[in-house]
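Biologist: Please take a close look at one part of this model for me: how its helices pack. Then tell me what else is worth a stop along the chain.

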Amino acid sequence: MNLLNIKKSLKGILILTIFIGGQAFAQDSLATVKAETGDGILLLLRKQGLHPYDYFDEFVALNIENLRDSVHLYAGRTYKIPNVKLDTVPVVAEIKEQSTEIKKVEGKEYKIFGDKHSAVVSRSERLKGAVYYLVSGHGGPDPGAMAVYGGKSIAEDEYAYDITLRLAKELLSHGATVYIIIRDPNDGIRDERILKIDHDEVAYLDKVIPLNQVARLKQRVDIVNQLHSKNRGKFQRLIVTHVDSRSKGQNIDVFFYHHEKSKNGKKLAESIHKTFQKKYKKYQPNRTYSGTFQDRTSLYLVKRTHPAMTFIEIGNIRNKKDQRRILDPDNRQALAKWISEGVILDFESGEIGRIR
Ligand SMILES: [Zn+2]
């Protein structure tokens, strides 16, 4: 099967899916659909036969005045569905049942993302040659910050891990080499609001995570630095993600830190920060974005790791407003996507000299 045929058959499948869904798409007018109770943007798009992540931004832009916090649907309201772009490859996972042949050609399977999300479709080569180390905060015996939501305990490490996996998948789809440093053999990307707390995370590849804080941090620093020297000469970046709660009840938005002496770390943090500002401006004109990056040399990881890095703090797990954002899987996906866009911006603007 050559590439042209694959493209043709993908179109065929896409059109078929839409047809089964009973939706007709006119060339120049947009289809609409009424949101049902329990619908999120991803689910709504999926039901329409669209690859939800490819159409997420466009959907938000089309329906911004009908969304709460830019990402939440109101049940009973009518929403515009983006027109299908025929050159968009639908997600492999959805093709799976219909053709295994295409899957082999177009996608790669990564078990770490879980059964439902294991297929990674190649979307571009924009990050070809770049190496990323992704560290989600805490893990193993240390759940990080904890809170109670709807009578259930929630833990920082599970949410940081979910966002990190989503980010890894985005970066892979653009051709990057990605090392997921903190890993859970059986969690994968999870589309639930309450992520079950477990303690079986390990450090790359299968090291037990120690309970002692210094030992725990030293372990991940050593792993990253070893890989960094193995990949010497390549463009390498480290991204650490936390969902912290410095002071209870405080709404912290998203913060980006970097090492004060690292020009490339600063550029990475600024690129992601810039992307977030642009998104907030586009989708939330009335909400001021208060996150910013600043030097935090006291942070153990920032000081001791060798690749240029940024330390991202996504909200406060104990803050009600932040919780809404973190618990919603659509939102975690949007956050991961925005980070990935900042990462691409950083890579495409090149490296500053030879310093980290
Ligand atoms: Zn933390």
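Modeller: I will start with the whole chain, go to the helix packing, and then visit some single sites.

This is a predicted model, in which local features need pLDDT of at least 70, side-chain atom pairs count only at pLDDT 80 or more, and totals for chains, interfaces and linings use all residues. Residues are numbered from 1 along each chain as its sequence is written, and side-chain values use heavy atoms, with hydrogens and water left out.

First, the chain as a whole. The protein chain has eleven helices and 15 strands (DSSP runs numbered from the N terminus: helices are H or I, at least four residues; strands are E, at least two). Of its 356 residues, 55% are buried (under 20% relative accessible area; exposed is over 50%, partly exposed in between; 1.4 Å probe, protein chains only). Contacts (heavy atoms within 4.5 Å) often span the sequence: of those between residues at least 6 apart, 74% join residues at least 24 apart.

Now the helices. Two packed helices are described by the angle between their axes and the distance between the axes. Take helix 3 first, residues 52-63. Nine of its twelve residues are buried, so helix 3 is largely enclosed by the rest of the structure. The buried residues of helix 3 are P52, Y53, D54, Y55, F56, D57, F59, V60 and N63.

Helix 3 packs on helix 11 at an angle of about 90 degrees, and the axes lie 11 Å apart (axes are lines fitted to C-alpha atoms, for helices over the stretch in contact; angles run from 0 to 180 degrees between N-to-C directions). That makes helix 3 roughly perpendicular to helix 11 (65 to 115 degrees; under 35 is roughly parallel, over 145 roughly antiparallel, the rest oblique). Helix 3 brings Y53, F56 and D57 to this contact. Helix 11 brings D330, Q333, A334, K337, W338 and E341. Y53, F56 and D57 are also among the buried residues of helix 3.

Helix 11 runs over residues 329-348 and has another partner in helix 10, residues 320-327. Here the packing angle is about 85 degrees, with the axes 5 Å apart. Helix 10 is therefore roughly perpendicular to helix 11. On the helix 10 side, R324, R325, I326 and L327 take part. They meet P329, N331 and R332 of helix 11.

Helix 8, residues 263-283, holds a site to check: S271. At 5% relative accessibility, S271 counts as buried. Beyond its neighbours within four places in sequence, S271 contacts G342, L345 and D346. S271 and L345 are 74 residues apart along the chain, but their C-alpha atoms are 6.1 Å apart.

Next, the strands. Strand 5 covers residues 130-136 and contains Y133; strand 8 covers residues 177-180 and contains Y179. Y133 and Y179 form a stacked aromatic pair, 5.2 Å centre to centre with 25 degrees between the planes (rings of Phe, Tyr and Trp, its six-membered ring, pair if centres lie within 6.5 Å; planes under 30 degrees apart are stacked, over 60 edge-to-face, the rest tilted). The pair ties together parts that are 46 residues apart in sequence, because its rings come from strand 5 and strand 8. Y133 counts as buried at 0% relative accessibility. Y179 counts as buried too, at 11%. Ring pairs also bring in Y204, giving a cluster of Y133, Y179 and Y204. In total there are nine aromatic pairs.

Y204 has a second feature. A cis peptide bond joins Y204 to L205, with omega about -10 degrees. L205 sits in the loop between strand 10 (202-203) and strand 11 (207-208).

Back to strand 5, which also contains S136. At 1% relative accessibility, S136 counts as buried. Leaving out residues up to four places away in sequence, S136 touches A160, Y161, T164, I182, R220 and T241.

Last stop: H138, in the loop between strand 5 and strand 6 (146-149). Its phi is near 65 degrees, a positive value in a residue other than glycine. At 13% relative accessibility, H138 counts as buried.
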